[in-house]
Amino acid sequence: MKTYNHFINGVWVEPSSNAYFDTDNPYTGEVWAKIARGNAADADQAVNAAKAAFNDGEWADMRPTQRGKLLVSLAKIIEREASRLGELEVRDNGKLIAEMGAQTKYLAEWYRYFGGLADKIEGAVLPSDKPGVFNFTRYEPIGVVAMITAWNSPLLLLAWKLAPALAAGNTAVVKPSEFTSASSLEFMELIKEAGIPDGVVNCITGTGVEVGQPMVDHPDVAKVAFTGSGVAGQKIYESAAKKIMPVTLELGGKSPNIVFEDADFEAAVMGAISGIFAATGQTCIAGSRLLVQQSIHDKFVKRLLEVAGAAKIGDPMSSDTHVGPVTTQPQYEKILHYMNVAREDGATCVLGGGPYKGEGVKGNRFVEPTIFTGVTNDMRIAQEEVFGPILSVIPFDSEEEALRIGNDVVFGLAAGVWTSDIGRALRMSEKLKAGTVWVNTYRAVSFMSPFGGYKRSGQGRESGQEAIKEFLQVKSIWIAQQTSPANPFIMR
Ligand code: NAD
């Protein structure tokens, strides 16, 4: 059995408590590795290493072009290691190899893109209303960034933070989810191989309470970039307020996927399926509320049942599997709980609705792809994030009604619109309150495009040129062209 320690200042360090916890394979249920159980002392050690690397030495003195080159080197190493990393992710979080193999390769693009941006962070020479002064701006890194990620896509969520943060010149302490720590730890070896100096990127493991919170509260952490639940996000935001510390929060969603009667029918069916059953519904952007225009509702549901009902459930390492296991035991229980909640609130279960025990599954963590009809938008199944393969179908009559229902939720991460009317596509995309709107597609993300939430789905943006600004602060520098004694008691 493999044992993973913390990665601090370029070396593997045993946890100060000497305690470890198990990590399992969600498909088989077998424990396959032991992970260091970190605490406040470990967080302190990692933050100190990141602080020292930020303040002095090779990284602190490095020119941005060189930082960019290191990120591009890392991108090449990621491409070389992509299939190994993909398999590791599948073993640890149960997502499909069909998706993870491609995703780990695609990760490289974030490091290449932000590597390219590293030496294009430009300040400005400002016009001045004061005579005899030269005023210019410089964009500077913030310092030690704590990066905390959720269990569903550890390396992708890390890339969204680490690539722009390093391009901007910050240093990092990474804390992956206690359920899926292995891939982020293995990734540290690639960072080292790329030549990124010791201490610039550190990785500590353990629970949110035991090691995450002390890291957030550490006086030398200058920014937190977080992906996870609203509950933890709120705690981090409160802690950040005490230190007046900037945060990026990527939180949950309850995204509407809206199908109009003029849509390409089959494309919309596939879009609805991909919105909720891909990754076993364990994605923040899940299109968990399917709004279907009344005139095509029954026909659409019938086709959904045919396609979703035929989904192959089983081994995530098989390239033809469609739906894999649920990653964690608490999440498995939460999904089953929400199936009951939907029934209690009066929704009609037309597909699935319970644990899956069929052929081809091992372990005890499979649920059936589930569809509820007769859902009204005030039901808990339409308002609360499940993070699992449960689709709520909600009928609507008009564009106005679709928009009202679509926006009537506390979240605002993403939305989908299926229509062949360009005017409607534009109207809907403008009026939907979400950080991402997809028209006639769903679940597309790119290193080039900003991603983040409106409302309670978060704060700040990841990816695209917007993202680097989240890891910079601007300084205004004033230089008097000649010195002159002036009245010291009034503002200049
Ligand atoms: P979670 O909030 O339970 O945990 C996320 C991370 O935060 C873990 O590493 C955990 O250990 C840590 N953590 C928890 N409490 C903490 C605290 N007080 N201080 C510091 N760290 C703490 O979330 P999860 O169950 O791992 O992930 C699922 C959630 O993540 C869903 O709500 C999902 O929508 C969201 N998510 C959002 C995005 C996005 O980009 N918006 C992407 C993926 C997942």
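Here is a short question-and-answer chat about a predicted model, covering its ligand site, a pocket and two loop residues.

Student: Which residues come nearest to the ligand?
Tutor: Start with the shell, which holds 29 residues around the ligand. By class, 13 of these are nonpolar, 11 polar and five charged. The ones that come nearest are K175, E178, Q213, S229 and E385.

Student: How far is the polar side-chain atom of S229 from an oxygen atom of the ligand?
Tutor: Look at the polar contacts to ligand oxygen atoms, where the cut-off is 3.5 Å between N or O atoms. K175 has a polar side-chain atom 2.6 Å from a ligand oxygen, while G208 uses a polar backbone atom at 3.2 Å. For the side chain of S229, the value is 2.5 Å.

Student: What percentage of the ligand's exposed area does the protein bury?
Tutor: Take the ligand alone, and it exposes 850 Å². Put the protein back around the ligand, and the buried part of that area is 90%.

Student: Which elements give two or more residues to the shell around the ligand?
Tutor: You can pick them out along the chain: there's a helix at 208-217, a strand at 221-227 and another helix at 230-243. Their names are α7, β11 and α8.

Student: Why does the ligand lie between two domains?
Tutor: Check which domains supply the shell. Residues come both from the one spanning 2-251 + 457-476 and from the one spanning 256-439. Since both contribute, the ligand lies between domain 1 and domain 2.

Student: Which element gives the largest share of the lining of the second largest pocket?
Tutor: That pocket has about 430 Å³ of space. Its lining has 18 residues, with P64, R67, R138, Y139 and P141 closest to the centre. Elements giving two or more residues are α2 (58-61), α3 (64-93) and β7 (133-141). The largest share is three residues, and they come from β7.

Student: How many charged residues does the lining of the second largest pocket have?
Tutor: Split the lining by class: 11 residues are nonpolar and two are polar. The charged ones number five.

Student: In which loop does R443, with its positive phi, lie?
Tutor: Two non-glycine residues to look at are N18, with a positive phi of about 65 degrees, and R443, with phi near 65 degrees. N18 is in the loop between β3 (11-13) and β4 (20-24). R443 sits in the loop between β20 (436-439) and β21 (454-455).

Technical notes:
Residues numbered from 1 in each chain as written. Predicted model: local features only at pLDDT ≥ 70, side-chain atom pairs only at ≥ 80, totals over all residues. Heavy atoms only, no water. 1 Å grid on protein atoms, 1.4 Å probe; cavity = no way out; pocket = protein on both sides within 12 Å on 5 of 7 lines; lining within 4 Å. Points joined across faces, edges and corners; volume = space filled by probe spheres on them. Helix = DSSP H or I, 4+ residues; strand = E, 2+ residues; numbered from the N terminus. Nonpolar A, V, L, I, M, F, W, Y, C, P; charged D, E, K, R; others polar. Near = heavy atom within 4 Å. Polar contact = N/O pair within 3.5 Å; in protein donor to acceptor, adjacent residues only side chain to side chain. Areas by Shrake-Rupley, 256 points an atom, 1.4 Å probe, with all protein chains shown as cover. Domains from an automatic or database assignment.
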